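Colleague: Before I use the terms in your notes, I would like to hear what each one rests on.
Modeller: Go ahead.

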Amino acid sequence: MNITIVGPGAIGSLWACKLHQAGHNVSLCSRSTNKHLSIKLDNHPEISFHNNDVQRLQQTDILLITVKSWQVESALLPLLDKIDSKTILLFMHNGMGAVDDLNSQISHFPIVLATTTHGALKPYVQCVLHTGKGQTQIGAYNDLGQQCSFLADVFNHALPSTVWNSDINTALWNKLAINCAINPLTALHQCKNGALAQPQFQIEIQEVVTELVQVMKANHIQADEKSLLNTIYNVINATAENYSSMHQDIHHKRNSEIDFITGFLIKAAAKHHIELPKNHALYQSIKQIEQCW
Ligand SMILES: NC(=O)c1ccc[n+]([C@@H]2O[C@H](COP(=O)([O-])OP(=O)(O)OC[C@H]3O[C@@H](n4cnc5c(N)ncnc54)[C@H](OP(=O)(O)O)[C@@H]3O)[C@@H](O)[C@H]2O)c1
């Protein structure tokens, strides 16, 4: 298939290389003005990809958008008049709400959302490291996207395991819940994920989760406080040695994805007149840090 990756950062480069290795015709759309970009995945030979090639964009079957949530709009809008209306838009980023913000402009395309637990790191521009094996879930965002379940096979063949989830919204809410608990706290305390298992964080995590469950239930997402806490502590322990993406963003003085993680939760709560004092305080603390730069 003809696949274009928009935003070949860490996750985008990992998928670019894996989909190329699986035999697909992969090209890139990046902010670089180079016509070709080379990427080396782990110890594999370097692969050269076409970059920002309008003809390839017109022929693309799948546009895989792997920019950060706050970059989605600026990355995608300039491409819309260059792609065919049958092109599948597949979004893979953390957080929620970025696609909702654009829906009126893209609703005529098949739209599919993905969440992945694979880990990738781009230590320099031509190199990507697959730092952690995980699972990818894909599911439809709109009616046209419902016809795209074959994507699970395409992506699973390139990088297992990938599954089609007919309720991707619930999967995204659960990922959001994990991110709401781990990301702001590790960013504010500049600690590894594992540090959150210490007793001093127990009350804060409990408060975040109690608020989360209220909002999830109001949005008709099945949520149980005890099992969500369990899941969050399992992730904290399984990724104890990792730094969260928000930790890294704050550490390197880059914009974080807080508006699409805790910020999305706060907006969703407001629609149901639910107050979230703990999550609001965490949101404000991250925003204050970002505004100091
Ligand atoms: N990395 C992981 O292990 C991982 C795992 C799971 C989920 N995720 C999620 O996946 C998303 C991407 O993460 P990442 O770590 O891959 O971030 P990243 O390395 O910063 O990749 C984002 C890429 O998008 C590019 N970009 C930004 N604006 C663009 C535009 N207008 N046009 C074209 N390209 C543009 C950036 O280019 P520049 O280099 O020019 O800024 C960068 O290469 C995030 O939501 C993250 O939370 C990441």
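**Terms and their grounds**

Modeller: In this predicted model, helix α6 (residues 168-188) packs against helix α8 (residues 225-238) at an angle of about 65°, and their axes are 10 Å apart.

Colleague: Which hand does the crossing of α6 and α8 have?
Modeller: The crossing is right-handed. The near helix is therefore turned clockwise from the far one, by less than a right angle.

Colleague: Which residues of α6 and α8 meet?
Modeller: From α6 they are N174, A177, I178, A181 and I182, and from α8 they are L228, T231, I232, V235 and I236. Contact here means heavy atoms within 4.5 Å. By class, the contact of α6 with α8 has 8 nonpolar residues, 2 polar and no charged.

Colleague: Now the ligand. How many residues surround the ligand, and which are the closest?
Modeller: The shell has 20 residues, and the closest are I11, R31, N94, A120 and E257. A residue counts because one of its heavy atoms lies within 4 Å of the ligand. Both α1 (10-21) and β8 (119-124) supply at least two residues of that shell. The shell divides into 7 nonpolar, 10 polar and 3 charged residues.

Colleague: What makes the approach of E257 to the ligand a polar contact?
Modeller: A polar side-chain atom of E257 lies 2.6 Å from an oxygen atom of the ligand. The cut-off for a pair of N or O atoms is 3.5 Å, so the pair qualifies. The backbone takes part as well: a backbone N or O atom of I11 is 2.9 Å from a ligand oxygen, and a polar backbone atom of A120 is 2.8 Å from one. Of the 900 Å² that the ligand exposes when taken alone, the protein buries 75%.

Colleague: How do you know that the peptide bond from P160 to S161 is cis?
Modeller: Its omega is near -5°. S161 sits in the loop between α5 (151-158) and β11 (162-164).

Colleague: What is notable about the phi of D42?
Modeller: D42 has a positive phi, about 45°, although it is not a glycine. Most residues other than glycine have a negative phi. D42 lies in the loop between β3 (36-41) and β4 (47-50).

Technical notes: Residues are numbered from 1 along each chain as its sequence is written. This is a predicted model: local features need pLDDT of at least 70, side-chain atom pairs count only at pLDDT 80 or more; totals for chains, interfaces and linings use all residues. Side-chain values use heavy atoms; hydrogens and water are left out. A polar contact is a pair of N or O atoms within 3.5 Å; within protein, one must be able to donate a hydrogen and the other to accept it, and residues adjacent in sequence count only if both atoms are side-chain atoms. Accessible areas come from the Shrake-Rupley method with a 1.4 Å probe; for residues, only the protein chains shown count as cover. Helices (H or I, at least four residues) and strands (E, at least two) are DSSP runs, numbered from the N terminus. Ala, Val, Leu, Ile, Met, Phe, Trp, Tyr, Cys and Pro count as nonpolar, Asp, Glu, Lys and Arg as charged, and the others, Gly among them, as polar. Axes are lines fitted to C-alpha atoms, for helices over the stretch in contact, and angles run from 0 to 180 degrees between N-to-C directions.
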